[in-house]
Amino acid sequence: MGTVLTLLLLFLSWAQAQPSVGFTTVFQGALGDTSALDGAYSADVEMEMPLGSCGSSYVHLEGGDGSGVTDEVPGSSADARGQAGSVFSVAEFVWELPVGEKFSMALGKLDPTALFDGNEFANDECTQFLADMFVNTTALPWPDYAPGIKLSFLPRGEEGSAISLGIFKADAAWDDMTEDLFAIGEVDLKLLGGNYRAYLWRDPGSWGVGASLDQPISSHLGAFARFGAPRDPVDGVKAAWSLGAQLSFGEESALGLALGRNVREERDETRLEAYFRLDLGGVSLSPDVQLVANPEGEDMKAAVLGLRVQVNYP
């Protein structure tokens, strides 16, 4: 951890960058066919520095501890870090480079889940839904933070539709860089103020397709849907779908509701989640309720009650 902090201080002194810091604490209790009361926390430090004609650089440090109730009710917290202790590490280090007026490139240590299968209303476990299936599709064998590259064609600039290709190390390792590659291509269409994404992926053992849609309905209401289907089951998942909506109140407060299903080799998993995010200015409180049947195929039913506390600076 000392090495990471030293690198952080060097980066800040060199870049004169203002870091963005976020702390997320989640308390969860499980009721039903199991019972538990557990917690988890994570910390994220993000910095970005412009590099003029050479684009920009971005670094993301991450640490945390705890699993919430994911041991008892799997899939209930995408923010869970496991019992590894509070170890800070460089999660992402990205160089973003514009290539002409209509192309861009990002390379380094990347987070594939942040670059593909995005969604305005269901893609952030720190501020939106907590359950895995409402953050990214569970029908795709996502690599961890991994060495990789993303190429994008932007015919109408950064705010328009895009076609992107990403290639990552499937095992997230830095040796044998041409082996065990994961590739994904995505089309993102901007229509009626929303995003309509469709993608095709392939890893060393399988391939699959997916889609992620988000559409504002009014200035305060938006809806989303997500679907994924692999050729071969991914951790037992043969297909996955979810849909839901978000109702916003003011700048940051919001109410979210989602329903999803993982079609599995044995018992299908069905989950309903609702949260309310109350923004207090730099701090937000989010009560969260999940009703789940057969999490990850286990023969059980449970209710998961949670409270998320998010602190951001600045």
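**Exercise 1. Strand pairing around β7**

Determine in which sense β7 and strand β8 pair in this predicted model, and over how many bridges.

*Solution.* Begin with β8, which spans residues 181-191: β7 and β8 pair in the antiparallel sense, and the pairing runs over eight bridges. For a specific contact between the two strands, take Lys169, which stands opposite Leu181 in β8. Next, turn to strand β6 (residues 146-153), which pairs with β7 (residues 162-169), again in the antiparallel sense, over six bridges. In that pairing, Leu151 stands opposite Leu165 in β7.

**Exercise 2. The second largest pocket**

Find which elements each supply at least two residues of the lining of the second largest pocket, and state which residues are the closest to its centre.

*Solution.* Start with the volume, since about 1,000 Å³ of space lies in the second largest pocket. Its lining comprises 38 residues, of which Glu96, Ala114, Leu115, Lys150 and Glu158 are the closest to the centre. Then assign the lining to elements: β3 (56-66), β4 (89-99), β5 (103-110), α2 (112-115), β6, β7, β8 and β9 (194-202) each contribute at least two residues. The three strands of the first exercise, β6, β7 and β8, are thus included among the contributors to this lining.

**Exercise 3. The cavity and Asn136**

Establish how many cavities of 30 Å³ or more the structure holds, and decide whether Asn136 is buried or exposed.

*Solution.* The structure holds one cavity of 30 Å³ or more, and about 40 Å³ of space lies in the largest cavity. Its lining consists of Met133, Asn136, Thr137, Thr138, Arg226, Phe227, Gly228, Ala240, Trp241, Ser242 and Asn262; the elements that give two or more residues to this lining are β11 (221-230) and β12. Asn136 itself is placed in the loop between α2 and β6. Because its relative accessible area is 10%, under the 20% limit, Asn136 counts as buried. Finally, compare sequence with space: Asn136 and Ser242 lie 106 residues apart in sequence, while their C-alpha atoms are 9.9 Å apart.

**Exercise 4. A nonpolar surface patch**

Identify the residues that form a nonpolar patch on the surface, and classify Leu255 by its relative accessible area.

*Solution.* The patch is formed by Phe27, Ile217, Leu221, Leu247, Phe249, Leu255, Phe276, Leu278, Leu280, Leu285 and Leu307, which together have about 910 Å² of accessible area. The elements giving two or more residues to the patch are β12 (237-249) and β14 (269-279). Leu255, by contrast, is found in strand β13 (residues 253-264). Its relative accessible area is 37%, so Leu255 is partly exposed, and this value also meets the patch requirement of over 30%.

Notes. Residues are numbered from 1 along each chain as its sequence is written. This is a predicted model: local features need pLDDT of at least 70, side-chain atom pairs count only at pLDDT 80 or more; totals for chains, interfaces and linings use all residues. Side-chain values use heavy atoms; hydrogens and water are left out. Patches are made of residues with over 30% relative accessible area and no salt bridge: like charges are joined within 9 Å, nonpolar side chains (Val, Leu, Ile, Met, Phe, Trp, Tyr) within 5 Å. Accessible areas come from the Shrake-Rupley method with a 1.4 Å probe; for residues, only the protein chains shown count as cover. A salt bridge is a side-chain nitrogen of Lys or Arg within 4 Å of a carboxyl oxygen of Asp or Glu. Helices (H or I, at least four residues) and strands (E, at least two) are DSSP runs, numbered from the N terminus. Buried means under 20% relative accessible area, exposed over 50%, partly exposed in between (1.4 Å probe, protein chains only). Two strands pair if DSSP finds at least two bridges between them. On a 1 Å grid over the protein atoms alone, a cavity is a set of points where a 1.4 Å probe fits but cannot get out, and a pocket is an open set with protein on both sides within 12 Å along at least five of seven lines; lining residues have an atom within 4 Å of a point. Grid points are joined across faces, edges and corners, and a volume is the space filled by probe spheres set on the points.
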